[in-house]
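Student: Could you take a close look at one part of this protein, the charged side chains and what they pair with? Please add whatever surrounding detail helps to place them.

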Amino acid sequence: MTELTELVIEGGNTLTGEIEIGGAKNSVVALMPAAILGNKVLIEKVPNISDVTNLKLILNYLGVKVTEENDNFLLDMSNIENKPFEEAQVSKLRASYYFMGAFLARFGKCEIYHPGGCVIGERPIDIHLNGFRKLGADIIEEDNKYTIIADKLEGANITLKFPSVGGTINIMIAATTAEGITVINNVAMEPEIDNVIELLNSMGAKIKREDHSIIIEGTKELHEGRVRVIPDRIEAGTYIIAGVLAGEKLKINNVNANHLTALMDILKEIGADIEIHDNYVIASKTEKLLPISVVAEPYPGFPTDLQQPLTTLLTTASGTSYITETIYENRFKNVEYLNQMGADIKQINDKQIMIQGPTNLTGSKVVSTDLRAGACLVIAGLIGNGITRISSIEHIIRGYEHLTDKLTKINANIKIV
Ligand code: UD1
């Protein structure tokens with residue numbers, strides 16, 4: 001993708017019809033590396049996002065044969081090789097760190113670089129590395145490179161200092177083949193983690209979740225497995241918010257509303273017109289929305305990944321709203337651009353913004369600084385007066401499949417130029 005590519009949106013259209021949510025980005029990016037513990041793995045409902053394309057390239061490099069049939073991927077590990085990773089491969093996405101756990105479990109060794117991903121804070125991986133050490137791995141850190149070696153992985157009792165999503169999954173994958181029992185405490189509760197447990201157990205692993213702990217009985221006998229990627233709750237939440245801003249009975253299909261209770265509770269509280277059903281949600285434009293204070297925190301709290309899209313919605317609420325971010329240090333880069341479009345948002349400190357509404361947004365030339373900031377600006381463009389041009393859209397296509405096709409189908413005026 002060249003830097004000159006832009007998303008161009010003409011705002012003001014009513015969004016109507018049906019939109020289908022894809023498989024969860026944050027699940028599939030862990031499922032693909034976790035699959036290498038087995039010999040043949042079928043992953044169903046794989047989203048068409050660039051993170052998946054990049055993981056596929058890495059798997060091919062390792063000798064894994066990936067056969068695609070629509071959105072089903074069959075991974076064949078018969079010829080997999082233990083090779084050092086190249087920096088350019090892993091710097092393309094955050095989730096490349098899952099190869100650390102997967103390589104440790106399969107080969108007892110991994111040579112890899114620090115992962116890429118959105119620049120929204122420091123994002124260290126000390127929790128992952130400390131977990132590997134507890135399982136018996138030695139780690140050499142040189143500049144940006146990690147050499148992780150374990151002659152033998154042994155079950156351990158590991159308490160995470162913070163319920164990190166990536167840390168939980170990575171340590172769990174590594175512990176799958178460790179000798180004996182591993183107990184990981186203070187784990188993250190995100191549903192994507194249970195999706196990974198489902199895959200590993202289908203391959204013969206013995207993993208169970210008990211509230212805030214995950215217990216793994218190590219086994220070397222992993223075989224074939226299959227899993228269906230859960231619906232992407234962040235993609236769903238983004239389109240539900242778009243529906244509340246500009247929809248007329250917009251039907252969002254393939255939604256697991258149980259994974260979105262924090263968002264649904266907030267939408268109900270501010271008076272949004274939403275109908276929640278078993279597998280779908282209907283959202284319509286709501287004339288008068290109430291302001292609210294929202295804290296982005298670990299699941300089942302309000303997800304940090306929807307904090308920026310929600311900000312766009314709250315610019316239309318009547319009164320003063322607050323958003324507090326507790327996960328990342330630098331996740332308000334969208335504010336500058338929303339203000340440029342006519343919003344009235346003040347950053348109170350590193351962790352909190354104040355949104356004064358209602359304000360009308362006007363189309364502008366803006367930058368997608370990271371994935372979810374991009375989603376926030378797309379929604380802003382959909383309701384903004386006139387034309388919005390968004391650059392650096394490579395961030396957005398890392399996480400939203402068929403973005404322009406899906407939005408065009410529900411009557412948005414959006415194109416990539
Ligand atoms: C995952 C999601 C991301 C989401 C985030 C929080 C994927 C691929 N990405 O990211 O979309 O925003 O969860 O819901 O699933 N931390 C440490 N040390 C570590 C690991 C994390 O200090 O070793 C800190 C991070 O800097 C951050 C916080 O913990 O401040 C949360 O990070 P974590 O839950 O690990 O997020 P990711 O797994 O990177």
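Tutor: One definition comes first: a residue is called buried if its relative accessible area is under 20%, exposed if that area is over 50%, and partly exposed in between. The model is a predicted one. Lys208 shows how the definition is used: its relative accessibility is 46%, so Lys208 counts as partly exposed. Its partner in a salt bridge is Glu210, and their closest N and O atoms are 3.9 Å apart. Glu210 has a relative accessible area of 44%, so Glu210 is partly exposed. A salt bridge needs a side-chain nitrogen of Lys or Arg within 4 Å of a carboxyl oxygen of Asp or Glu, and the pair of Lys208 and Glu210 is counted at 3.9 Å.

The whole structure holds 21 salt bridges. One of them joins Lys45 and Glu20, with 3.4 Å between the closest N and O atoms. Lys45 belongs to the loop between β3 (40–44) and α2 (50–62), while Glu20 is in strand β2 (residues 18–20), so this salt bridge ties together parts that lie 25 residues apart in sequence. Lys45 has a relative accessible area of 13% and is therefore buried. Glu20, at 39%, is partly exposed.

Another salt bridge is made by the side chains of Asp51 and Arg398, at 2.9 Å from N to O. This pair links distant parts of the chain: Asp51 is in helix α2, Arg398 is in the loop between α13 (394–397) and α14 (403–409), and 347 residues separate them. Asp51 and Arg398 are both buried. Salt bridges can also be joined up, as in the network that links Glu6, Lys365 and Arg389.

The domains give the wider setting. Domain 1 is made of residues 6–22 and 231–416, and domain 2 covers 25–228. Their centres, taken over C-alpha atoms, are 30 Å apart. Domain 1 gives 26 residues to the contact and domain 2 gives 22 residues. About 2000 Å² is buried between the two domains, and carbon and sulfur atoms give 53% of that area. The count of salt bridges between domain 1 and domain 2 is 3.

Charged side chains can also meet rings. The charged end of Lys83 sits over the ring of Tyr61, 4.0 Å from the ring centre. Lys251 is placed over the face of Tyr280, with 4.5 Å to the ring centre.

Rings pair with rings too, and there are 5 aromatic pairs. One of them is Phe85 with Phe99, whose centres are 5.2 Å apart and whose planes meet at 40°, a tilted arrangement. Phe85 is in the loop between β5 (72–76) and α3 (87–90), and Phe99, 14 residues away, is in helix α4 (residues 98–107). Phe85 and Phe99 are buried. Phe99 and Phe103 also pair: their planes are at 85° and their centres 6.5 Å apart, so this pair is edge-to-face. They are 4 residues apart in helix α4, which means a separation of about one helical turn. Phe103 has 0% relative accessibility and therefore counts as buried. Phe85, Phe99, Phe103 and Phe107 form one aromatic cluster.

Methods:
Residues numbered from 1 in each chain as written. Predicted model: local features only at pLDDT ≥ 70, side-chain atom pairs only at ≥ 80, totals over all residues. Heavy atoms only, no water. Phe/Tyr/Trp six-rings, centres within 6.5 Å; stacked < 30°, edge-to-face > 60°. Helix = DSSP H or I, 4+ residues; strand = E, 2+ residues; numbered from the N terminus. Buried < 20%, exposed > 50% of the residue type's maximum accessible area, 1.4 Å probe, protein only. Lys NZ or Arg CZ within 6 Å of the ring centre and 35° of its normal. Domains from an automatic or database assignment. Contact = heavy atoms within 4.5 Å. Buried area = accessible area lost by both parts, 1.4 Å probe.
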